[in-house]
Every structure is written in structure tokens, then in C-alpha cells.
Amino acid sequence: MCGIVGYIGKQDTTKYLLDGLKELEYRGYDSAGIALLNTDKIDVFKALGKLENLKNKVDNASLSSSYEIGIGHTRWATHGKPTELNAHPHLGEYSYVVHNGIIENYKELKEELIEQGHSFVSQTDTEVIVHLFENYQNKLNNPIEAFKETISRLDGAFSILLISKADPSKIFFFKHGSPLIVAQGNEEGEVLFASSDAPLIGLANDVVYLEDGVGGIASTEGIEFLSDDYSWSTLPTSKQFAQKDGYRFFMEKEIYEQSDVVSDCMLGRIQDNGIDFDEIDESLIEGIKEIKICACGTSYHAGLTSSYLFERLSKVKCNVEIASEFRYKEPLLSDDTLFIVISQSGETADTLEALKMAKNAGLKSLVVCNVDNSSMTRTADHTILTRAGIEKGVASTKAFSTQTVVLWMLALYFAKAKETISSEKLQEELHALREVPKSLIVEDKLHEKTRRLAKRYLHGHGFFFIGRDVFFPLALEGALKLKEISYLHAEGYPAGEMKHGPIALADPELFTIALMPQNLLYDKIKSNVEELSARDSTICAISPLDFELADDFIKTLKTDHYMLEFFEMLIALQLLSMEISIRLGNDVDMPRNLAKSVTVE
Ligand code: M6R
């Protein structure tokens, strides 16, 4: 998730920009840049990696001018590699822009602009914004109108700051999708921008948290909004609180973010009649008869979930292995297998080694990853980025939901290419995919319910999480989440397996979390849960349908697709484990014995 800052005023512009970007470091980035405007001169600095590199470049430049306007950005690569050319601010002929979000229609716009004589230097979607602005400015000779026209042509998510020599006293701003805040600074004539509170704290009191569709023009004379849809608020005073956007833990923030990051993950990829990935084309599946997936932990669970979708939708044989097991089993690999690794970090040692083995055996490889330029994205033949933004909580949440969505989209991509899906069924699946962000919205009622349940589930001798089909990997994920942050014993099982042994453990002190979707094998799971209830296990059912044997009940919304139920239940499981962990007084974000990235075997 990129970061934006902007400054107008008579104080040290460069300092505000660099300090502000530092405050946004927690969001993760792979490159950074600033543009400083002084009447007819714009100085730009960009650097890969840490902000220190950018700061060194600025220091070495020994700037003599004083700048009253500047914009800055930290970039987390989504379109195009992390390189200096792809870093923001992006330049036209005489204007610069920084942007958070994804321009969904950038390919069409780019073609149109190239035809009109514009040339592009980066691989990003963002660069079209500045060319579009200049295209209108050249015709209209009116920067405000040119900015409005530009905005009206963009689809997708875009929060923007734009500066231009065409009107060097102003910053043009707009918010749609990604967050953007404008603040009246404490010094006279000062206007500050940031994509979250942290850079503004101590420098401003009054801010506008821009709503979608609101923009304007700022100068030392003040802020002019392009609509009335805004109101002033007071800034919070704690930076730590601000970094977590007011949530108690990064895990909580990341659970709440899922609806937005999944929207980002799907932007530009869901078309009217199928799925389109910039990163791959159909040659990837030529000659492929089988898919093998390797991953660890939560990423393994996303892989296991997708194996049901690959076989059901694309009719490709798919098997999934835990990377640490795969490495030493002397696996038989044939070159008609597509090898997919899944990893949030792209650095997990076992998954990386599995990928290298597959490459050495001559298999085509693909990584589904959240971090561009990681070891895995550099090793695999192809990468699909999950666009979840940095994940700070050790317990993975938004990485899982975005991985699952990418893999579901990939299954549909294959299904269409292999003609294993009717157009009617494809439309149903696309419709369901578009609904996922709604299923991931955290309702207050649900959160409150998990808070109350958490009180009752602190004791006992263990938890069973049970489900069938894709709800089995979800049960595994629910159990993993609970054990890693609460340190309570929890196991995920396929519900039909209970009577083959595990049911011997059933008694009132065994808590069963039963995933009971309406749209997939409801009667089957119901009878499995009845068997556990008959043996006195305490049952917490998660379902849209009433179930009279449940001791506790988390009611999910009725939907018409089992994957939407999947995502709703995911939220309930994540919240429940987090609330239990909080009640136990554990460090939710940094649980004992665990590391965020496991780079050793
Ligand atoms: O970065 P990766 O996705 O490769 O990490 C894999 C696992 O280490 C990770 O999912 C781990 O299981 C998490 N702590 C789960 O919450």
C-alpha cells in the first residue's frame, strides 16, 4: 500500500516530505520519490529501497532554492517492477503526479495518448494521469478544467496529488478508493497532505478525511474543494494509534482492510467475459495437464482451497504439497505440470527451494506473491501479485484472502482458456467474485458476537475446526489462526473424518467450530456435527441456517455462492481467534516463537 505526502507553505518543504514518508514506512514500500516545485523549476529525486537512499540523494544535491510546494510517495509495486523509472512522482512534460490505487483503464488511455504523440517511460498505470492532464491542459489552457477532465476519464482507484508548471502555486488533489487527507497546517498559509494521519500529527489540528469522489485545489491562499461533500475533523494525537489507523493491533487493522485490498487485487482483472492478468497469457497453460502447488502455513491453505476450484472449474488435476515435505520426498516431476508456489513474503525458505527444484526439473513456474522483487518473484517464470500491501501481523489474514481470490480468478482463467466452463456458469462465477469485497466487510454485530464468545472459549482441552470441501482448508486456517496467537490446542479436520478417530476426544470440554455453508454439502456436514453433539462436544456453528443443536451460533448472511460464504466465515474465524488472544493477554501481532518471514529451513 503506497504512501502519499504533499506540502504547500513557507517551512522546509523537503523536510516535511521526507519526514512524512518516514512516518508512512510502516505501510511497506520498495521505492520512494519526491518532486519539489519552485515557480518554473521542478526538482525530482527518486530512489529504490530504503528512504535513507532517497534522503542521501537529496542531501548530495545541496539544493539552493527554497520550495513552497512539494509532493512525495512511497511505492509498493503493483504495475511494473520496483525500479527508479517506475517510482513516483511521474513526469509528463511540465507536471508531476503521485498516485495510490490502480487505474483500471490505463491500457486504453495509454494507447489513446500514444496516438496523440505522448511518450511513456515507465511500466506503471500512474503515468497516464499526468499525460492525460497535459493533453487537456494543452487544449484548454485551464489547469482546473484540465484536472477535472482528467479525473472524469479515470476508472479504478485513484488518490492523486498533481503539481504543474502550468500553475506553479497549486496542488491539485482527488480521492477515489485509496485514503487521502488534507490538513490546514499550524503555520499560516500551510496546507499538508498525507495518506494517513501519522505524518500530520503535531503539524496540524484540522483535517478533512476526503470522501470518495472529492477533490480540489490547494494553495497558500487556502483549499478550494470541487464539491460540498467534505467536513473538518480534529486529528488524533497518538502516532502509534495513527499507524494502526485507530485499531488495537495490526492484525485487527488487516482483518478490516480485507474488503479494500481484495478490491485492489481484483481491479482490472475481472472483465465482462472473463479474467485478464497483465502478468500472464494463455501460453502459460499450453501443454499443461496437471498443476502442482507448494506452499507453507496459511499460503498452503490458500493452495489447498484452490485445488478444489482448479479441478471443479478448470478440470485440471491439481495436487498441493507442504513445501518442506515436497523437498525431500524425491518427487516425480514431469514437464506437463505447471508448478505454482504461493507465498506472502516470497522469502519462505522451503517454498523457495521447492520452486528451484521445479525449475531445475524444467517445469513452468508461477508464484502468487505479495512482495515484488522478492526471491520467489525473481526466481519464478511468472508472478501474479496479490496487492495486499504490507502485512505486519505475524498471523496472516489479508494475504490469505487475496491469495485465495487470485487463485480463484486463475482457475476461471484456465477454465475459459480450456473451454471447461459454460458462459452462463462463467458469468455466475464472475458475479460472485465481484461480491467478495462485500462478504469481507466486518459488521459491528459480528465483531461484537466474537468478542462475547471469546469469554466462553478460553478453557477446555481443545478445539476442532471442521468443514468439507473448500471449508476443510478453511477449517485448517481457522485452527492455525487460533493456535498461533492464543496458544490453545486446535486442529482442523475434514468433517467426514471425525468418526475415523478424532471423535474419541469429544466431550463438553472439546469445542467444535463447525463451518456449515448453505450452498455446499449442508446435509453432510450437518450429520457430522450431530454426531459430535451426540457425544456432548460443545458446538459453535457458523452458518446462515439455524441449527438447533448448536450451543453457540455465529450467523452469516445468506448468499448464493459457497465462496462468498467462505469469505464471510473467514472473517468470523479471524475475529474469534484475535478476540480469544486479546482476552488471554497475548501479544496478538507478535506471538511467541514465531517470525513473520521464515527464511530458514
Ligand atoms: O510468507 P509465506 O506466505 O510464504 O509464509 C508462509 C507461512 O510461514 C505463514 O503463512 C505462516 O503460517 C503464518 N504465520 C500464518 O499466519
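Colleague: How many salt bridges does the count come to here?

Modeller: The count comes to 36 salt bridges. The model is predicted, and the figure is computed from its coordinates. Side chains of opposite charge can pair when their charged atoms come close. Applied as a cut-off, that requires a side-chain nitrogen of Lys or Arg within 4 Å of a carboxyl oxygen of Asp or Glu.

Colleague: Take one case. Which residue forms a salt bridge with Glu257?

Modeller: Lys253 does, and the closest N and O atoms of this pair are 2.9 Å apart.

Colleague: Why are Glu257 and Lys253 separated by about one helical turn?

Modeller: Both belong to helix α7, which spans residues 250-266, and they are four residues apart in it, so about one helical turn separates them.

Colleague: Now the ligand. How many residues surround the ligand, and which are the closest?

Modeller: The ligand is surrounded by 15 residues, and Ser299, Ser343, Ser345, Thr348 and Glu484 are the closest. Sorted by class, the shell holds five nonpolar, eight polar and two charged residues.

Colleague: Where does the backbone come in? Which ligand atom does a backbone N or O atom of Thr298 lie 3.1 Å from?

Modeller: For Thr298, the partner is an oxygen atom of the ligand. A polar backbone atom of Gln344 is 2.7 Å from an oxygen atom of the ligand. With Val394, a backbone N or O atom lies 3.2 Å from a nitrogen atom of the ligand. The cut-off for such a polar contact is 3.5 Å between N or O atoms.

Colleague: How much of the ligand's accessible area does the protein cover?

Modeller: On its own the ligand has 410 Å² of accessible area, and the protein covers 91% of that.

Colleague: Which pocket does the ligand sit in, and which elements give two or more residues to the shell?

Modeller: The ligand occupies the second largest pocket. The elements that contribute two or more residues to its shell are α8 (297-314) and α15 (471-486).

Colleague: Last, the backbone geometry. Which residues does a cis peptide bond join?

Modeller: His88 and Pro89 are joined by a cis peptide bond, with omega at about -5°. Pro89 lies in the loop between β4 (69-75) and β5 (90-91).

Colleague: And what is phi of Arg387?

Modeller: Phi of Arg387 is near 55°, a positive value in a residue that is not glycine. Arg387 is in the loop that runs between β21 (382-385) and α12 (398-417).

Conventions. Residues are numbered from 1 along each chain as its sequence is written. This is a predicted model: local features need pLDDT of at least 70, side-chain atom pairs count only at pLDDT 80 or more; totals for chains, interfaces and linings use all residues. Side-chain values use heavy atoms; hydrogens and water are left out. A residue is near a molecule or strand if one of its heavy atoms lies within 4 Å of it. A polar contact is a pair of N or O atoms within 3.5 Å; within protein, one must be able to donate a hydrogen and the other to accept it, and residues adjacent in sequence count only if both atoms are side-chain atoms. Accessible areas come from the Shrake-Rupley method with a 1.4 Å probe; for residues, only the protein chains shown count as cover. On a 1 Å grid over the protein atoms alone, a cavity is a set of points where a 1.4 Å probe fits but cannot get out, and a pocket is an open set with protein on both sides within 12 Å along at least five of seven lines; lining residues have an atom within 4 Å of a point. A molecule sits in a cavity or pocket if more than half of its atoms lie within 2 Å of its grid points. Ala, Val, Leu, Ile, Met, Phe, Trp, Tyr, Cys and Pro count as nonpolar, Asp, Glu, Lys and Arg as charged, and the others, Gly among them, as polar.
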